[in-house]
Amino acid sequence: MTEPLLQVSDLTVRYRGADRAAVSGVSLDVLAGETVGLVGESGSGKSTIGRAILGLVRPSAGRISFAGKDIDAPTSWRGSASLRVARAGAVQAIFQDPYSSLNPTRTIGSSLAEPLLAHGFGRPASRTRVTAMLERVGLPVAAMQRYPAQFSGGQRQRIAIARALVLAPRLVVCDEPVSALDLSIQAQVLNLLAEMQAELGLAYLFISHDLAVVRHLAHRILVLRQGEVVESGPAEQVYSQPKHTYTRALLAAAPIPDPAVQHGRSLLVSRGGQAYG
Ligand code: ADP
Ligand code: MG
């Protein structure tokens, strides 16, 4: 039996001063190399789950374990800082806003080398790795000397992907990574994420309010509503035979098909189904 890479059991998160929990009793597993999609409307608790996995918010109850080790327990939060650092290389994140991982005052080369230097790589080895990673995500080596503002939104997200992957993590929490991008650029970035997964055997927890985006990348989908999972299953099944009225409503709220959209989306790597459009 394969042990899940990530195991979240009965996670509850209540923010200080809030009258209801942002997340209640959520359980989910992510296997090595797998993509699990987490969908739900704005405010349903998706980012809170991602932040709890990244150790950025404190669970009120429940357990999160990564590669068989508890990464946080409500009773040992104080002791978890060192663990958080220790697993920093193995779990990474990509957010909607690349500026959350790219410092606008530092060159791309410096931002990308930072995690490597912090993990004991020497300067020459870091440079070699950063160069290779930038090329892999489709940017010229000259990008090393430039600043984040000198790139387009799609390029900046490619740079954020390079930074997240430079330490060869096993799990990447992708929180609305394409939501700020034009549809044609979304497809390119999603394809890049799919390629990187195939090459590096990464697992993704892929968070999006857009079921159509998640469908193509995810093996399994969980639907979140007001902090609770209301439906889960294989991506194609949740998409084509939604059981819950909320899931149907989410699908109905997806952008109306438009030839340009369909063209963009048909570029996507499709898993276990026909390309959409
Ligand atoms: P999503 O990512 O699905 O949009 P979030 O996890 O960001 O949802 O938010 C879930 C709920 O928690 C919302 O009601 C939101 O207002 C609330 N929330 C999020 N962050 C905080 C915070 N730092 N303090 C208090 N409430 C928060
Ligand atoms: Mg969010």
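Biologist: In which sense do β6 and strand β7 pair, and over how many bridges?
Modeller: Look at strand direction, then count bridges. This is a predicted model. Here β6 pairs with β7, residues 171–175, in the parallel sense. Five bridges link the two strands.

Biologist: Which residue in β7 stands opposite A93?
Modeller: Go to single residues now. V173 is the one facing A93.

Biologist: What is the strand order of the open sheet?
Modeller: Read across the sheet, not along the sequence. The order is β6-β7-β8-β3-β9-β10. That makes six strands, and their pairing is mixed.

Biologist: Which are the edge strands?
Modeller: Look for strands that pair on one side only. Here they are β6 (91–95) and β10 (228–234).

Biologist: By what angle are neighbouring strands of this sheet turned against each other on average?
Modeller: Ignore direction for this one. The average is 15°.

Biologist: How many bridges do β3 and β9 share, and are the strands parallel or antiparallel?
Modeller: Use the same two checks as before. β3 and β9 have four bridges, and their sense is parallel. Within this pair, G37 has I221 of β9 as its bridge partner.

Biologist: Do β9 and β10 run parallel or antiparallel?
Modeller: Trace each strand from its start. These two run antiparallel, joined by six bridges. I221 turns up again here, opposite G233 in β10. R225 faces E228, also in β10.

Biologist: How many residues lie between β9 and β10 in their hairpin?
Modeller: Follow the chain through the turn. There are two residues between the strands. One to pick out is Q226, in the turn, with a positive phi of about 45°.

Biologist: Which strands does helix α6 lie across?
Modeller: For a helix on a sheet, ask what it touches, then how it runs. Helix α6, residues 183–200, lies across β3 (35–39), β6 and β8 (203–208). Against β8 it runs at about 160°.

Biologist: At what angle does helix α9 run to β9?
Modeller: The angle is about 100°. Helix α9 spans residues 245–252 and lies across β3, β9 (220–225) and β10.

Biologist: Which residues surround ligand 1?
Modeller: List the shell, then sort it. Around ligand 1 are Y15, A22, E41, S42, G43, S44, G45, K46, S47, T48 and R51. Sorted by type, the shell has two nonpolar, six polar and three charged residues.

Biologist: Which atoms of ligand 1 lie 2.5 Å from T48 and 3.4 Å from R51?
Modeller: Check the element and the distance. A polar side-chain atom of T48 is 2.5 Å from an oxygen atom of the ligand. For R51, a polar side-chain atom sits 3.4 Å from a nitrogen atom of ligand 1. G45 uses its backbone: a polar atom there is 3.1 Å from a ligand oxygen.

Biologist: How much of the accessible area of ligand 1 does the protein cover?
Modeller: Start from the ligand on its own, with 560 Å² accessible. The protein covers 57% of that area.

Key: Residues numbered from 1 in each chain as written. Chains lettered and ligands numbered in written order. Predicted model: local features only at pLDDT ≥ 70, side-chain atom pairs only at ≥ 80, totals over all residues. Heavy atoms only, no water. Near = heavy atom within 4 Å. Polar contact = N/O pair within 3.5 Å; in protein donor to acceptor, adjacent residues only side chain to side chain. Areas by Shrake-Rupley, 256 points an atom, 1.4 Å probe, with all protein chains shown as cover. Nonpolar A, V, L, I, M, F, W, Y, C, P; charged D, E, K, R; others polar. Pairing = 2+ DSSP bridges. Axes fitted to C-alpha atoms, helices over the stretch in contact; angles between N-to-C directions. Contact = heavy atoms within 4.5 Å.
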